[in-house]
Structures are given as structure tokens and as C-alpha cells.
Amino acid sequence: MTIQSITSRQILDSRGHPTLETTVHLDTGVSGTAAVPAGVSTGSHEACELRDGDAKRYFGQGVLKAVANVTGPIAKAWQGQDVRDQRALDRMIIELDGTVNKSALGANAMLSASLAAMRANAALQRQPLYRGIQQTYDLPAIDPQRLPRPMMNVINGGRHAAGGLIIQEFLVVPNGATVAERIARGAAVYHALGQLLRDQQLSTLVGDEGGYAPRLPEDSAALDALSKAILAAGYATPADVGLAIDFASSTFYDPATQRYQYGSTKGGLTAVGMGGLLAEWLDRYSIMSYEDPLAEDDWDGWADLTKKLRQRVMLIGDDLFVTNRSRLARGQAARVANAILIKPNQVGTLTETIDTILAAQEGKYTIVVSHRSGETLDPFVSDLAVAVRAPFLKAGAPARGERVAKYNRLLAIEEELTG
Ligand code: PGA
Ligand code: ZN
């Protein structure tokens, strides 16, 4: 059960940028492999993603230095260690890195090793990954009747698409007794939406997360299209299929003027102005969730907005919390948001990810486990979502290989758990 060696390589993510795939080899011959994703609307408080900066190769995006950190210092530290003690392994590399934001080893390097070790550990114990995670961290039992509900990003805007929408993501959140039923509903709405766009001679080309990227007159037209597509697919909102939005609002916030560059108001909107728009949309559409409606450091705006809307809608902090326990603690103290997006690569190790989840659950924040816009075929987040009993898994559209890998993994887990 001890770690013998670690191999790592540079591979490409779904956007064609380099990322790492790492394998932890045990002395018994068992191994575990994991690949890390990458975001593009990254929060400025995320742990550091180490990139080579060699402008002549991959536009500076190479990860060969990170690979070398895995096969060098991390492998050296872990050689001979018991793979079953994931907490100790992660603690070792956190100390080895020694920085607040993981800029020495790189959070991408660290996470690839951390996740690969967890896979090797689960393989060693001949357990599926979700069970391995649950037992390693001594988490409560998984309820097969309450597996995660998908949050499917079916219209892509912002930095994920060239269609011109300011808002980054328009999502459908299918309900249903089983994962299989939820995924079928989500796919039906996705295709109904495609048909609706074709009928209006709008583009059905897709963005980074597999959602359509039509050129629409304004963002609210996306909500109208989605509401229609749900009906066209034969479903009702919110009972069968809910609507959700990820504003990724740090991408259109100007800290100098403290204004959101949104809407027709000259000079943009204040946080209170954004709040007015958010409330109006809740009246007009059956929206169940707003992610990053305000910017990552607009704590006062967030506190005020949470007070006004927390009873009506899920308010998810993504760039706000960056899966970071101390930022979450600040949010909890100030009664900011009521849900947290969980992206392991924002923080850099599995153990820190789990500890943030535990703190959030303790504080009654809803857990939404998430992919990134740049993905690989690795469905680690699906097992993670099941292991921590997350009510939601956000993994893009029900289309494109790297997105459906996550949903297909959920289907397999459901089958395994319910027999
Ligand atoms: P990212 O976007 O992976 O490009 O950061 C996803 C999100 O904002 O939720
Ligand atoms: Zn987000």
C-alpha cells in the first residue's frame, strides 16, 4: 500500500490548452490516474495554476514545469508513504509548497497528484472512487435515492462563447426520481432548444461547455428561449426542470467605478441596481439559482443581496469563495450567499476541497460540485459529488465528450448503487 513512483505528462484539455495527467503507482502494482481541468473566468483568489510562460510554445500555457514538480519534489516526498492516508499526503505537499496560493509547486501539479493518489487508494481497496472518498474521509453514508441533480449549461456566453451574451451561463436543472430521468429531461430540453434556435435561423454552434451560443438581442432573450424550450419538450418549470444563471459577474465589474457594466444604464449598474434586476427576473422567470450575481470582492453588495433574496433563490458563490475555507468562513460570518460552488482545482488538494465542503455543510450552505470550462475526460467530480452527498453537479451541456463523461459516470454510479 505504499507509493512507489509517480509519472506525469502534459496532455491537452477540451479547449486545446495543456494540462496535466498524473499516475500514482503503488508497490503492489496498482495505480491511479487523474487529469486536472482549467477555467477561463478564474477568480483572482484561486490557487495558482503553474504555467511555463514560454511564449514560443502553447502561447506560454505549457505545464512542463508543473509536470516536473510532480515527478520531482512531490514524487520524492511521497515515495514509500501509505497511500491510504490521503490527509497526510496532502499535508505533506501543502507544507512542501509552503506558499499561501500554491505558487511554488502549482495547484495544478498538486491536484493532479492528490486526485491520482485517491484513485490509487480506491483501486487498492477494490472500491469505486466515490466509496473510496467517502470512507477515506469518514463521510456519512450515501443515499442512492438522493444522487446529485445535474445543472446543465445549455446557453454559453461571456468568456465561454463568441455569441455576444454578457452573462456566462444559462442552465437547466432537471428534476426527476432518478439520475437517468433527470439526464433524459435535460437532454430533451437541450434538443428542443436546438430546434427552437434553428426555427428562428439562429446559430446552434456551441461554446466551451457545449451549450449553444446564439447571437441574441439581449441576455433576457436567452431566458425566454429556455422557458420556451422547456415547454416544447413537454415539461413544466420549476417542477420538472428549473432554470439557473451563472453571471460570472467579476468579468463585467469595474472595481474603479464600482459599477457592473450591464444593462442600458449609462455608466453601468451599482450592486443595488443589479439586485433590482435580479429580483425582477425572479418575478418573470422561474429561476432557482443565481451564481456569482455580484463580483468576487463585493462583500457588502453580496451581504445586502443575500438579505433580500435568500428566501427566493439559491445564491452560489464561485469566484467569491473559490472553494477556500477561509473565504467561506468570512462569507458565513457576514451571512453572504447560501450555496457554494466546489471546484477542486481552485484550492489544489482533495483534502482542502473536502474540508471546505464539510464547513459548508456544517453552516447549511448548499453544495454544488463543478467541472471547469476547460475539461478532460476525467469524471472525478461526479464521484466527488456522490461521495459528499452534493445535491447538485454542474458539468456543462448534455453534449461534447468531456461534459457527458461526467453525466455518464453519474448514470453508472446510479446503476451500481441501485442495482
Ligand atoms: P470557468 O467557468 O471554469 O471558465 O472558470 C466556470 C464557472 O464560472 O462556473
Ligand atoms: Zn461560475
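Which residues of helix 1 are buried? The points below take up this question first and then turn to the sheet and the metal site of what is a predicted model.

1. In helix 1, which covers residues 64-78, the buried residues are Ala66, Val67, Asn69, Val70, Ile74, Ala75 and Trp78. These buried residues pack against strand 1 (3-12), strand 2 (18-26), helix 2 (86-97) and helix 3 (107-124).

2. The 15 residues of helix 1 reach 20 Å from the first C-alpha to the last, close to the 21 Å expected at 1.5 Å a residue, although the helix bends by about 30° at Val70, with a proline, Pro73, following within four residues. After helix 1 comes Gly80, whose phi is positive, near 85°.

3. Strands 1, 2 and 3 form an open sheet in the order 1-2-3 with antiparallel pairing, and its edge strands are strand 1 and strand 3 (31-35), each of which pairs on one side only. Strand 1 and strand 2 are joined over 9 bridges in the antiparallel sense, and Thr7 stands opposite Thr23 in strand 2.

4. Helix 1 packs on this sheet, where it touches strand 1 and strand 2, and its direction makes about 170° with that of strand 1. Helix 3 also packs on the sheet, touching strand 2 and strand 3, with a direction that makes about 35° with that of strand 2.

5. The zinc ion (ligand 2) is coordinated by Asp246 (OD), Glu291 (OE) and Asp318 (OD), at 2.0 to 2.2 Å. Glu291 in strand 9 (residues 287-291) and Asp318 in the loop between strand 10 (314-317) and helix 9 (325-333) are 27 residues apart, and the pair links distant parts of the chain; both Glu291 and Asp318 are buried.

Terms used
Residues are numbered from 1 along each chain as its sequence is written. Chains are lettered from A and ligands numbered from 1 in the order in which they are written. This is a predicted model: local features need pLDDT of at least 70, side-chain atom pairs count only at pLDDT 80 or more; totals for chains, interfaces and linings use all residues. Side-chain values use heavy atoms; hydrogens and water are left out. Helices (H or I, at least four residues) and strands (E, at least two) are DSSP runs, numbered from the N terminus. The expected span of a helix is 1.5 Å times one less than its number of residues. The bend at a residue is the angle between axes fitted to the seven residues ending there and the seven starting there. Buried means under 20% relative accessible area, exposed over 50%, partly exposed in between (1.4 Å probe, protein chains only). Contact means heavy atoms within 4.5 Å. Donors are N, O and S atoms within 2.8 Å of the metal (3.2 Å for Na, K and Ca); water is not among the atoms, so sites may look incomplete. Two strands pair if DSSP finds at least two bridges between them. Axes are lines fitted to C-alpha atoms, for helices over the stretch in contact, and angles run from 0 to 180 degrees between N-to-C directions.
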